[in-house]
Amino acid sequence: MKKQMLAVLTAAALALSMTACSGKDSAPSGESQAQENNAAAQGSSAESGASGQGAGEAAAEIERKDYTVIYAAEQAHINYLVSSLSTCTRFSENYIDALIDFDKYGRTIPCLATDWEVSEDGLVYTFHLREGVNWYTCDGDVYAPVTAQDFVDAAKWLLTKENASTTANIFYNVVKNSKAYFEGEITDFSEVGIRAVDDYTLEYTLEQATPYFLKMTAYTCFWPANGKFLEECGESFGTGADTLLYNGAYLLTSFEPENRRVLEMNENYWDKDNIFISSITYNYNKEAKTLAPELFLRGEVSEADIPAEILDEWMNDEEKKNMILVKPASTSSNFMGFNFEPLYEEEYHPDNWLKAVNNEDFRKSIYYAFDRTAAILTSYPYEPEKQLINTITTKNFVTINGVDYTESEPLKELTNTLQFDKEKALEHKEKALEALAGSVEFPVTVVMPYNTENLALRTVYRWKSSSWKIFSEVIISSLSWFPIRRPAI
C-alpha cells in the first residue's frame, strides 16, 4: 500500500507504471492495462498537449511515441524479488509479466497464464502458461523460454532467508509449507506448495483458502525468474540492466542511478500490437516534484503531477486546464493509526499518551471527530470524495460468494457510512474524560511526526483552526495537538 497521499491530477495521459498484457486470446472482459495505458498515451495526447498530435490523426494508423519523465526517488537496485518499494515495483512492471493482469476496471485478465482452475476447496490453483514467450537480455537476445519452472525457481530464491527479500512474508503467508521452508523447519523444497506440473502448467497449493490469491499473483513476489540466470548472477542479480532478464513489453537498456534509465520496447514481445510507446526515458532530478509542471509546459517531459499548491492556478487557466487529466482512485489505501508504543522524547509525554490511547472512548472521540474530506482536500482539492473509502481494503479487491468483501456483513455498514460524526465524538469525549480523570494529565499531547518537505502534509496543519473546526472543538478543547516537527507556516 502507498504510505503517502499523492497529488490529485496529472498533466499527462499515462501513469509511470505500464504493464503490457492484453490477454486478448481468452480475456474474460475488457482491455489490458497496457492496452489502456498505451492507448491513452496515444489517443489522449491531443488533450494533454504533450505530443502535438491532432484528434484527427489519432484515428489514423498508430505511430509509436517516445515518452520522457523525471523522477526524484532513486532506488538502490531493481531486484524485484527483494524490494517492496513501490518505486521498484512500478518500474519493474514495465518489463516483467506476471501470471495475470488487470483491465482498466481492475478486473482480472490473463497474461502469462492464459487460463486457470481453482479446486472446489479453494486450496489448489492450476495455471496454464502462454507458450512461445521468451526471456530476453537487455540487448534483446533470446536467453530461454519462459516456463513453469521459472516460477518455482523464483519462489525458492525468494524463500531463501539469506537473500533477504522484503516480500517473502507475503508469499509464505499463503503458500503451503513456505514459511516452514523459510524458517528452516523443512529443507526439501518439493514440500512447498508450488510445482511445475510440466513446462507450461504451474500449480500452487495454499495453506488455507484465500479468495484474493489470484490477484496476489500479480505482485512481485509471485513473478518468475530464470533459475540458471539467478545462479549465474549470484548476488549481482538485479543490480543493473545486464543482470536482469526480461519477458515483458520493454527491455531496460540503460540503468544509471541518479542519472538516467531507459526502457526500449521489446520488438519480439508477444503482445507487441498493443504497445504504443516505443521508449520511456527516466531522467533523474532531485527537484522533480517542483520542476515537472514547468518542464511539461516546455515540452521537455511527457507528464507531470500538478501539486495542490499550484493546482488552482492551472484550473483557472483555460489552456492549462485542458491539459489536465484527473487521476483515478488507486487500488491502494492510506490510513492513520494510533501509536500504542510511543518511543519519542519525554518532553512530549509518551507515558501520558499511552494511558489515554488505551481508552476506547478516547480513540473513538478522535475517530468520529476526524473530517477526512477536509484533510484530503490538501492533496485532492477537486472531487476529494472520489478518493475516499471507509475501509482499508479497497472495493473490488476480493469477492466472496459473489459479494464484494467491503459489502459483506458486518463491514457493509462501515463501508456505506461516513465516520465523521460531531455528536458521537462529543459523547465519547465526555466518557473518556470521566474514565481517565485522575490517571491522565490533561491536555494530552498528540504527537504526529511527518516529513516537512511534503507540502501537502504541511498544509494540514495550516487548517487546524478552520477546516478542522469540528475536530478542534472535540479534541483541542480538552486535548492539545502538537506535532513533533511543526513547521513555521
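**Notebook: helix H17, a pocket, salt bridges**

I started with helix H17, residues 422-436, which has 15 residues and reaches 21 Å from its first C-alpha to its last, close to the 21 Å expected at 1.5 Å a residue. Note to self: this is a predicted model.

Next I looked up burial along H17. The buried residues of H17 are Ala-425, His-428, Lys-429, Ala-432 and Leu-436. Looking down the axis of H17, I see these buried residues fall within an arc of 110°, so they line one face of the helix. On the other side of H17 I have Glu-423 and Glu-434, which are exposed. I noted that a lysine, Lys-429, is on the buried list.

Then pockets. I went for the second largest pocket, and its volume comes out at about 310 Å³. Which residues are closest to its centre? Of the 13 that line the second largest pocket, they are Pro-211, Phe-397, Val-398, Thr-399 and Ile-400. I also checked which elements give two or more residues to this lining: helix H8 (213-216) and strand E16 (399-400) do. Sorted by class, the lining of the second largest pocket holds 6 nonpolar, 5 polar and 2 charged residues.

Salt bridges came after that. How many does a search of the whole structure find? I get 11 salt bridges, and I wrote up three pairs.

- Arg-107 with Asp-103: their side chains meet in a salt bridge at 2.9 Å, N to O. I checked exposure for both partners. Asp-103 is buried, with a relative accessible area of 0%, whereas Arg-107 is partly exposed at 38%.

- Arg-195 with Glu-203: another side-chain salt bridge, 2.9 Å from N to O. Is Glu-203 buried or exposed? Glu-203 has 17% relative accessibility, and because the cut-off for buried is under 20%, Glu-203 counts as buried. Arg-195, at 45% relative accessibility, counts as partly exposed.

- Lys-272 with Glu-267: the closest N and O atoms of this salt bridge are 2.8 Å apart. Lys-272 is partly exposed, with a relative accessible area of 25%. Glu-267 is partly exposed too, with a relative accessible area of 48%. Exposed needs over 50%, so Glu-267 stays in the partly exposed class at 48%.

Recap for the salt bridges: in the Arg-107 pair I have a buried acid, Asp-103, and a partly exposed base, Arg-107. The Arg-195 pair likewise has a buried acid, Glu-203, and a partly exposed base, Arg-195. In the Lys-272 pair, Lys-272 is partly exposed, and Glu-267 is partly exposed.

Methods
Residues numbered from 1 in each chain as written. Predicted model: local features only at pLDDT ≥ 70, side-chain atom pairs only at ≥ 80, totals over all residues. Heavy atoms only, no water. 1 Å grid on protein atoms, 1.4 Å probe; cavity = no way out; pocket = protein on both sides within 12 Å on 5 of 7 lines; lining within 4 Å. Points joined across faces, edges and corners; volume = space filled by probe spheres on them. Helix = DSSP H or I, 4+ residues; strand = E, 2+ residues; numbered from the N terminus. Nonpolar A, V, L, I, M, F, W, Y, C, P; charged D, E, K, R; others polar. Salt bridge = Lys/Arg side-chain N within 4 Å of Asp/Glu carboxyl O. Buried < 20%, exposed > 50% of the residue type's maximum accessible area, 1.4 Å probe, protein only. Expected span 1.5 Å × (residues − 1). Arc of directions from axis to C-beta.
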